[in-house]
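Trainee: I'd like to learn how to read a model like this one. Can we go through it feature by feature?

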Protein chains: 2
Amino acid sequence: MLRRALVGKPIHNERAAGTVLSKGAALPVFASDALSSVAYAPDEIVLTLALAGSAAILLSPWVGLAVLAVLAVIITAYRQNVRAYPSGGADFEIASKNLGRPAGAAVGAALMVDYTLVVAVSMAAAAQYLAAAVPWLVGHQTVVAVTGIALVGLLNLRGLKFMGRASSVPTYAFVGVVLILVLVGFVQNVTGTLQRAPSADYDVVPAAGMDGGLMGLAGAMLVLRAFSSGAVALTGVETITHSVPFFRKPKALNAARTLAVLGALSAVLLLGVLYLTRRTGAVVVMDPARQLLIDGRAPEPDFYQVPILGQIAQAVAGADSVWFVILVLVTVGVLFMAANTAYSGFPVLASRLASAALLPRQLQSRGDRFAFTNGIILLSVVAAVFTIVFGANVNGLIQLYVVGAFFAFTLTQAGMVRHWARVRRTSTSQSPHRQIAGRWAVAVIALIACAAVFVVVLVTKFAQGAWLTIVAIALITVLMRAIGHHYRSVDTELEVHQNSGVRALPSRVHSIIVVTSVRKPVVHALTYARASRPSSLEAVVVDTDRARTEQIVKQWEALEIPVPVTVLASPYRDTVGPVVAHIRGIRRKSPRDLVIVYLPEYVVGRGWERFLHNQAIRPLRMRLHYERGVMIASVPWHLESVRELRLTENNE
Amino acid sequence: MLRRALVGKPIHNERAAGTVLSKGAALPVFASDALSSVAYAPDEIVLTLALAGSAAILLSPWVGLAVLAVLAVIITAYRQNVRAYPSGGADFEIASKNLGRPAGAAVGAALMVDYTLVVAVSMAAAAQYLAAAVPWLVGHQTVVAVTGIALVGLLNLRGLKFMGRASSVPTYAFVGVVLILVLVGFVQNVTGTLQRAPSADYDVVPAAGMDGGLMGLAGAMLVLRAFSSGAVALTGVETITHSVPFFRKPKALNAARTLAVLGALSAVLLLGVLYLTRRTGAVVVMDPARQLLIDGRAPEPDFYQVPILGQIAQAVAGADSVWFVILVLVTVGVLFMAANTAYSGFPVLASRLASAALLPRQLQSRGDRFAFTNGIILLSVVAAVFTIVFGANVNGLIQLYVVGAFFAFTLTQAGMVRHWARVRRTSTSQSPHRQIAGRWAVAVIALIACAAVFVVVLVTKFAQGAWLTIVAIALITVLMRAIGHHYRSVDTELEVHQNSGVRALPSRVHSIIVVTSVRKPVVHALTYARASRPSSLEAVVVDTDRARTEQIVKQWEALEIPVPVTVLASPYRDTVGPVVAHIRGIRRKSPRDLVIVYLPEYVVGRGWERFLHNQAIRPLRMRLHYERGVMIASVPWHLESVRELRLTENNE
């Protein structure tokens, strides 16, 4: 009941084909991840540069330009990738096919970790924006973020279609509002009416050893670190490549076009915001209590740092203007959609990995509402754990992020370089040959760019938290390899050969019924055992308590049932061992026969009653599973409470 | 393997009779609970009185005398009780038989709670003594106490006999050491060489509103509260009455004699310690930081309060003498044995309650080493939770204690009053009549004493924590009544009547084998299904994925198995519903027939592999248990890893 209320009615197979999206609808769903990074990427660039003092912040637009250069390369490469591998397996498939299963597993692991972090980072950022607008939420960001994760998880359990329609609004609204802000800000700047941001007058105290600004090696490292943090704007591209099956036909082409639009929008938004950051003098720092001086003093304990985008809105439209509130609302909306993006990509990936026998098979199956129930639950739980551990601190979570994405990008592009090289070798005609050479060149350039960014990110963020991501990726890869190995060996082991087709039947069937009390369930089980007409049938009593055993035997004889009773001695009061020994005795005498053990089981209607029954049977049943040539027949007996349950159900 | 190493080899039934103890061996085991309270009861009296300042502490020997007066009454009454009800069910049995099942359940619940608190209080006190001797344990008392609980729990899983022998040493050693201390202290006092305790010079700051000492109503209440706390010395008596079956014959008489010795020893030890407390001026307070002034100043942050018994040892033998260390060692030993006492009483009680259908049946059965495994585990876990919640604070735990014991004592004595009244009514001869009247009178006096103490304890401790105990007792009582009701209604429901003896057999057997893949386990299950020669046999495929279904059908046909395949449509990709609907269809056509569902199950050798298999089968099996006229036949298939497991086992 609860489940139906939460996840909605199941969707019929016939309607499944309808769960695809037009470009206009797909952009907001799948691009929200990449676009929403405008809400926190500028902050990360600024607060990293701020470690070297106010002057260093002036460099932020240039860092943004570097990020956009890489973005252009990646998007160009991925537009090719999507069309070469349009199945939605994308990165994982490219790495597996071109570099082998281990590389595929590693890419899969990296993408799983990154999807989880998208959810955690997006919800933490959303909580940050909400707290900027609603002061009494300050200090409760973790609760807000985890509530958001729970909400987006539940909505996804209800199915993609619903989300698809609803999701266009916040993403388009966000893009629209930020574009207006940037335009108005530009005009104000040109006309000289642009206000300074509230934080423009704060003094920024450089971190220890950074008094010299961006000079020297430490300064260069800091710029690279700012670039690494800004690189969050680059992730999210892979989400579209994983979502190709959700696009309308021609799927690959539409996905590639969506990628191009995404790239252009990202560039405009990010550059615009960074430019206005510089013009308004907006500042954010990692640790306001130590790094900021307001009128020469440390900030008050209740000082709350408004994110860059919020500060720009305050500067352009006024600190208490309705535009600030609107900006917060649309930003929270787009961040919510970004988390949602991970929810549509992650289960597709998990299902893909499960199909390749790298994850448990149950992740492969789709729940009854076209959502991959198990994947959604797993993603929510892990993202919530990350959020709680980091106290919904965006900057802390960002340190783990990006490295996984660039690890995956790098391996994928290495795979693509091989792919195009192979295509070039096997292609024969002249004209496409040149075209393929071009694609190969793009892939090589992208590989170099991705590898460079990966190294930069790894070096500058390793100690800050990226090591945790690397460890997680390594562990998941090892686990997936173990699962894959297990499934493969089982497949070989269980393959049915033509000649093993119809086996010789066991010549005789020995049935045993385990009796713990002479009550209706036992009599019922006995009826079923006799209906199967076994070659032999005996009742077995394990003698753990002399008086009880005698009583059972007496009652049994009084019933005049034509089934012999065997009393098994159990000097150590063990209920399992003697039954197993007895069965082994039968099997020794006639190894080709089948032994069926009938276990009467109580079925109860109320959960707590379960603890009151079957306690003696359960370990026996577990143990019998490990015996050879034994079949376990459970004969359920329904107590009154179950019948009541059934009546209630039928009345619905 | 691990289990064997921890709990030891099973004990043969024949040797079971040997698990009884002589009086000399039983005293240390079962009396350690009552005797060990000398380690904390004086502290509780002193620190309660200290709330009214130093002068009030002088009253402590008189409070001790009041406690002993009640002890004398209780022991006299319980010596009668043990002989009237020698089965070991004691209090529970007395209340049930004379006051009805609800009263019995309440007594049982109260004793269960109190046993748990014996373990928690004893181990917390032991941790306190250890920290007094080993300074670097200060602040880690919770860890020490929980470790102690784990240790005593494991030792009990290894069986009582071992504990019986080992346990005489610490209890006798404790009694001996304390007796020597008291005697030497007396002699020193007479000769005027008794030193003052280290704490004798501290100033005690009276609590707010207690500046007037023990005058007025507040003072009277404080004295009663001190008495309530001292009443911990009275608990532990019930442990002997629950342990009658472990005594040598004549069991009841030996138990009664042990009770008398226990009473005498308790009196001597408690009075001796309280007398020396007064003579040495030893002081302990609830909150040293607020209540003590040392040389006019609050104590240092690392100040640690040595318990009364330790302070007396320091005064009598010198602060750094070896006697102090010896005293700590024997005290920790006897407290360990006291916790152990609860472990021997609690499972007997739980088993008794389970026999009376007030607790789940599995608590009734004894593990394979004459220890009631489930009861031991339950007791350890709950005691550990209490200890952790209260941070191993003895004073905090004591507030919950005692109230349960006196609730049980009071109900028990009410039952005994009824018992003797009934015996008097039904008895005929003259001479025993007078004797019985005397016993009745003792029971009445004990009832009045117990009821009075119960009221005092309840009133003075309710707000301090006793309310929690009352709530726990009420909840457990309600739970046990629900369990009892359930078992009784099931008993009636399941009773086999003579005419229901041999039922009509189902006329035909329809067998269904659920196929999810054409692999060896399915072929194996099919062989077994065919061996049982059912009236009809069909393979069933749930069509959740068109391509997969087609593949299965094709493979099936290729194997040329003479069993028809039915494909069940599942437009909502549900694997369970279509099978259930199919079975219901068969049952509708012929309601008297039996349907057997064969489920091939994978059995794996390594735990983690379990997550990789049977995921689709499990919900189906669960659901089928709720269907009428259905039997579930599990056909285990052993993967290679199980065979490896079996080889390892056989080689041992």
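Trainee: Let's start small, with a pair of strands. Which residue stands opposite B:Val541 in β5(B)?

Mentor: Keep in mind that this is a predicted model. To read a strand pair, pick a residue and look across the ladder for its partner. Here B:Val541 stands opposite B:Val567 in β5(B). That pair belongs to a ladder of 5 bridges between β4 (residues 536-543) of chain B and β5(B), which pair in the parallel sense.

Trainee: Okay, and how do I get from one pair to the whole sheet? What is the order of the strands in the open sheet?

Mentor: You walk from strand to strand through the pairings until you run out of partners. In this case the walk crosses from one chain into the other: β5(A)-β4(A)-β3(A)-β6(A)-β7(A)-β7(B)-β6(B)-β3(B)-β4(B)-β5(B). That makes an open sheet of 10 strands with mixed pairing. At the edges sit β5 (565-569) of chain A and β5 (565-569) of chain B, each of which pairs on one side only. Ignoring direction, neighbouring strands are turned by 30° against each other on average.

Trainee: So what happens where the chains meet in that sheet? How many bridges join β7(A) to β7 of chain B?

Mentor: For a junction like that, check the bridge count and the direction. There are 3 bridges between β7(A) and strand β7 (residues 630-638) of chain B, and the two run antiparallel. One facing pair to click on is A:Ile632 opposite B:Ser634.

Trainee: And what does B:Ser634 see within its own chain?

Mentor: Its bridge partner there is B:Leu599. The strands behind that pair, β6 (residues 594-603) of chain B and β7(B), run parallel and are joined by 9 bridges.

Trainee: Is β7(B) enclosed or open?

Mentor: Count how many of its residues are buried. For β7(B) that is 8 of 9, so the strand is largely enclosed by the rest of the structure.

Trainee: Now the helices. How do I read a helix against a sheet? Which strands does α20(A) lie across?

Mentor: List the strands it touches, then take its angle to one of them. α20(A) lies across β3 (509-514), β4 (536-543), β6 and β7 of chain A, and also across β3 (509-514), β6 and β7 of chain B. It runs at about 145° to β6(A). Helix α21 (residues 546-559) of chain A packs on the sheet too, touching β4 and β5 of chain A, with its direction at about 150° to that of β4(A).

Trainee: Let's zoom out to the interface. How many residues of chain A are in contact with chain B?

Mentor: Get the counts, then ask who contributes. 57 residues of chain A are in contact with 58 residues of chain B. On the chain A side, the elements giving two or more residues are α19 (431-494), α20 (520-531), β6 (594-603), β7 (630-638) and α24 (640-651). α20(A) gives the most, with 7 residues. By class, that side has 32 nonpolar, 10 polar and 15 charged residues.

Trainee: What turn lays chain A on chain B?

Mentor: Superpose the copies, then read the turn and the shift. Here a turn of 180° and a shift of 0.1 Å along the axis do it, with an RMSD of 0.2 Å. That is the relation of a two-fold axis. In chain A, the residue that comes closest to the axis is A:Ala633, with its C-alpha at 2.2 Å. The same surface serves both copies, since 100% of the contact residues of chain A recur in chain B.

Trainee: How is chain A divided into domains?

Mentor: Look for the ranges, then the spacing. Domain 1 of chain A covers 2-12 + 20-489, and domain 2 covers 509-651. Their C-alpha centres lie 58 Å apart.

Trainee: Last one, backbone oddities. Which phi does A:Arg533 have?

Mentor: Note the sign of phi, then the location and the exposure. A:Arg533 has a positive phi of about 45° although it is not a glycine. A:Arg533 lies in the loop between α20 and β4 of chain A and counts as partly exposed, with 14 C-beta neighbours inside 10 Å. B:Asp295 also has a positive phi, of about 55°, and is exposed, with 8 other C-beta atoms within 10 Å.

How values were computed: Residues are numbered from 1 along each chain as its sequence is written. Chains are lettered from A and ligands numbered from 1 in the order in which they are written. This is a predicted model: local features need pLDDT of at least 70, side-chain atom pairs count only at pLDDT 80 or more; totals for chains, interfaces and linings use all residues. Domain bounds come from an automatic or database domain assignment. Two residues are in contact if their C-beta atoms, placed from the backbone, lie within 7 Å. Helices (H or I, at least four residues) and strands (E, at least two) are DSSP runs, numbered from the N terminus. Ala, Val, Leu, Ile, Met, Phe, Trp, Tyr, Cys and Pro count as nonpolar, Asp, Glu, Lys and Arg as charged, and the others, Gly among them, as polar. Two strands pair if DSSP finds at least two bridges between them. A residue is buried if 20 or more other C-beta atoms lie within 10 Å of its own, exposed if 12 or fewer, and partly exposed in between; C-beta atoms are placed from the backbone. Copies are superposed by least squares on the C-alpha atoms of residues with pLDDT of at least 70 in both. Axes are lines fitted to C-alpha atoms, for helices over the stretch in contact, and angles run from 0 to 180 degrees between N-to-C directions.
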